[in-house]
Amino acid sequence: MKPLTRIALVSATALAAAVPALAATGEEVLQNACAACHVKHEDGSWERIDAARKTPEGWDMTVTRMMRNHGVALEPEERSAIVRYLSDTRGLSLAETEGRRYILEREPVAFDEGPDVLMTQTCGRCHSYARVALQRRTAEDWTHLVNFHLGQFPTLEYQALARDRDWWGIAQAEIMPFLAKTYPLGEPVAPFAGDASGRYVLAGRQPGRGDYTGALVVTKAGEDYAVTMQLDFADGSESYSGNGRILGEGEWRATLSDGKTQIRQVFSFQNGRFDGRWYHADSDVIGGRLAAVRPDAAPQVLAAQPARLKIGVPTEVRVAGAGLSEALTLPEGVTGRVQSLEDGVAVLELTAAGAAGPVSVQLGGQAVALVAYDRPDRISISPEMAMARIGGNGGPIPKAPAQFEALGWLDGADGKPATEDDVPLGAFPAAWAVDNFDEEAIAMQDAKYSGSIDDTGLFMPADAGPNPERPRQTNNAGNLKVVATVTEGDQPLTAEAHLYATVQRFVDAPIR
C-alpha cells in the first residue's frame, strides 16, 4: 500500500472515533467504519477482514477489540449489525465447529486439548485450544496473528507459561506452518436462507435439577425470531420468552427471560433440528443441554427419561422425539404399556425382570435404549475436577459456582470397575459434603471458609475479598474434595472429586 493512502486511512480512523457511525446495516458499517483502516482491494475483498472466517463470538471479539483498541465508535445496534453481517458472509460451517462447540456453549464439563502436546502447551496455556480451532485464516493472516500476540503481550516469551521454551522460534518454525495447514481459510459458507418457524418438541437435562421435556416455539419476526421455551421437570415447569436469530449457516443465538432470570441459548440448527445448551446469563454453570425437533420430522428419539429400569419396580419412562406411535414392542423380561402420547412425548410404564444389563424396547419401530439394574456397582462424580470462583460481596463480579452430579455404573461383562464395558445408569440423588483436600487445606481450614455445597450438588463459593478470620487475612480461595454418597440397596456408595475455589475471572471473553 502507498504511504499516502495509509496516512489518509489513519486520519479517517480518528474521525470514526469522534463521530459515531449512522449506518443501519452490517454492510454499511463495513463501508463507513471498517473502511477507515481496512483497504478494499480491486477484486472487492477487504484487507485482513477477508483473510479470516470465524464464529459469531469470534467476530464479536474482533469488533470489540476494534472498538476498545482503535477507537471505532459503534452504537450497540451497529455492533450487532456488523457481527451479523460478518457471521453471515465470513462464518464457519457447522461441520467446521464440530468437536469444539463446548467453548461456545459454555459447557462446564468439557475436555479441551490440542491435536498434540506442542499445540496444547503453546496455545492452550493462556486460553482454550478451541479458540484456535474455531478460526480459519490465510497463511499470511495466521502469521499476523502470532506476531500480534507478541506485539500485544510483549512479555509473553518471559512469563511463567512460556519461558520454558524458545517460544518465538517454535512459533515461527512449527506453530505458524501447522496453523496454516490445519486451519486454512477455505471457502465461505452460504448463510441460512430458510424459515425455522414452528413448534418443536424438546428434551434435555439440567445437572442438579434433572431431566426435562417441553416445547420450543419459534416465530419469524423480521430478520429475527420471537421465541418461547417451556421446560417440564418432574418438580414443575418453567417458561421463558425472548428473541433469537440464526447467524451464518445455522448458528442459533437467543436471549430469553422468565421475568426473574435471563438465559442464553447457544444452539446449532441443522436439518430442522436444534442442538446445544442454554444457561443462566449471570452464571453459565447453571443450565442444560437440549435437542429439539418438530413432531412431524423424520422419526427419531431425542431422549428416554430415565434411561434405567430398577428390576421389579414399575418405572415411568418419558420418551421424547418425532414420529412416535403407541406401537410398543418389548423384549423378553420387560413388561409394560403406553400410558399416553401427546405433543411428541410418550409416557411408558415399564417393569424389568431378570438379569441386569442393557435392554432395548421398540416404540413405533424406533429403538429406545434402556438399562435394567438392581443397584449400581459403583458411582463416580461428574466432573472429576472443577473450579468455582469467589465473588460478590459488593464487588462487580458475581460468584461462579460449580455443579456436581453422582453417576451410577454397572461393571459390565468383565465384572471389573472403570473399564470400557461399564454400563452408565445416569445420575442418582446423593448426599453431598466438602472436605479439605490436603494438609495445607487443613491448616488453612479451606472447607470452613471456601464455600458450601447443597443437596443438589451445587457448590456455592464464599465471598470475595480479604477475610480477617484467616491467616494473613487471605481471601476465601481453597483446595477441596467433594464427597458424594448414594444409598441404593444395603451398602452406601461413595465417590470423591477435586474442587478448586479460586479468584474471580477478571477477563471473560466470549470464547475463553
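This is a tour of selected sites in a predicted model, arranged as a series of selections.

**Stop 1: helix H9**

Select residues 167-182, which make up helix H9. Follow the helix to Ile175, where there is a kink of about 35°. The proline Pro177 comes shortly after this kink. Now colour the buried residues of H9: Trp167, Ile170, Ala171, Ile175, Met176 and Leu179. Ile175 is therefore both the site of the kink and one of the buried residues, given that buried means under 20% relative accessible area. What covers these residues? Show helix H6 (117-124), helix H7 (130-133) and helix H8 (139-152), which are included in the cover.

**Stop 2: a buried pair, Arg137 and Asp141**

Select Arg137 and Asp141. Their side chains meet in a salt bridge, with N to O at 2.6 Å. Both Arg137 and Asp141 are buried.

**Stop 3: the S3 and S4 hairpin**

Select strand S3 (residues 198-206) together with strand S4 (residues 210-221). The two pair in the antiparallel sense, over 9 bridges. To see one of the pairings, pick Gly204 and look across to its bridge partner in S4, Tyr212. S3 and S4 form a hairpin with 3 residues between them. In the turn, Gly208 has a positive phi of about 90°.

Keep S3 on screen and add strand S10 (residues 283-293). S3 and S10 run antiparallel and are joined by 5 bridges. Here the residue to pick is Val201, which stands opposite Val293 in S10.

Return to the loop between S3 and S4 and select Arg209, then add Asp235. Their side chains meet in a salt bridge at 2.9 Å, N to O. Asp235 sits in the loop between strand S5 (224-233) and strand S6 (236-247), and Arg209 in the loop between S3 and S4, so the pair ties together parts that are 26 residues apart in sequence. Are these two residues buried or exposed? Arg209 counts as partly exposed, at 28% relative accessibility, and Asp235 counts as exposed, at 57%.

**Stop 4: two cis prolines**

Most residues other than glycine have a negative phi, and most peptide bonds are trans. The next two stops show departures from that pattern.

Select Gln305 and Pro306: the peptide bond from Gln305 to Pro306 is cis, with omega near -10°. Pro306 is in the loop between strand S11 (300-305) and strand S12 (308-310). Then move to Ser382 and Pro383, where the peptide bond is also cis. Omega is near -5° for this bond, and Pro383 lies in the loop between strand S19 (378-382) and S20.

**Stop 5: positive phi outside glycine**

Select Asn393, in the loop between S20 and strand S21 (402-403). Phi of Asn393 is near 60°, a positive value in a residue other than glycine. Asn393 counts as exposed, at 52% relative accessibility.

The next selection is Gln445, in the loop between helix H10 (439-444) and helix H11 (446-449). Phi of Gln445 is positive too, near 55°. Gln445 is partly exposed, with a relative accessible area of 38%.

**Stop 6: Arg389**

Go back to strand S20 (residues 385-389) and select Arg389. Which side chain of opposite charge is nearest to Arg389? It is Asp508, at 7.7 Å; Arg389 is buried yet has no salt bridge. The side chain of Arg389 does reach the backbone oxygen of Val503, at 2.9 Å. Beyond its neighbours within four places in sequence, Arg389 is in contact with residues including Lys399, Ala400, Pro461 and Thr502.

**Stop 7: Arg470 and Asp446**

Side chains of opposite charge can pair when their charged atoms come close. Select Arg470 and Asp446, which form a salt bridge with the closest N and O atoms 2.6 Å apart. Asp446 is in helix H11 and Arg470 in the loop between strand S26 (458-461) and strand S27 (478-487), so the pair ties together parts that are 24 residues apart in sequence. Arg470 is buried, with a relative accessible area of 3%. Asp446 counts as buried as well, at 7% relative accessibility.

**Stop 8: a network of charges**

For the last selection, take Glu57, Arg101, Glu105, Glu107, Glu251, Arg253, Arg277 and Arg289, which are linked in a network of salt bridges. A search of the whole structure finds 35 salt bridges.

Terms used
Residues numbered from 1 in each chain as written. Predicted model: local features only at pLDDT ≥ 70, side-chain atom pairs only at ≥ 80, totals over all residues. Heavy atoms only, no water. Bend = angle between axes of the 7 residues up to and from the residue. Helix = DSSP H or I, 4+ residues; strand = E, 2+ residues; numbered from the N terminus. Buried < 20%, exposed > 50% of the residue type's maximum accessible area, 1.4 Å probe, protein only. Contact = heavy atoms within 4.5 Å. Lys, Arg positive; Asp, Glu negative; His and termini not counted. Salt bridge = Lys/Arg side-chain N within 4 Å of Asp/Glu carboxyl O. Polar contact = N/O pair within 3.5 Å; in protein donor to acceptor, adjacent residues only side chain to side chain. Pairing = 2+ DSSP bridges.
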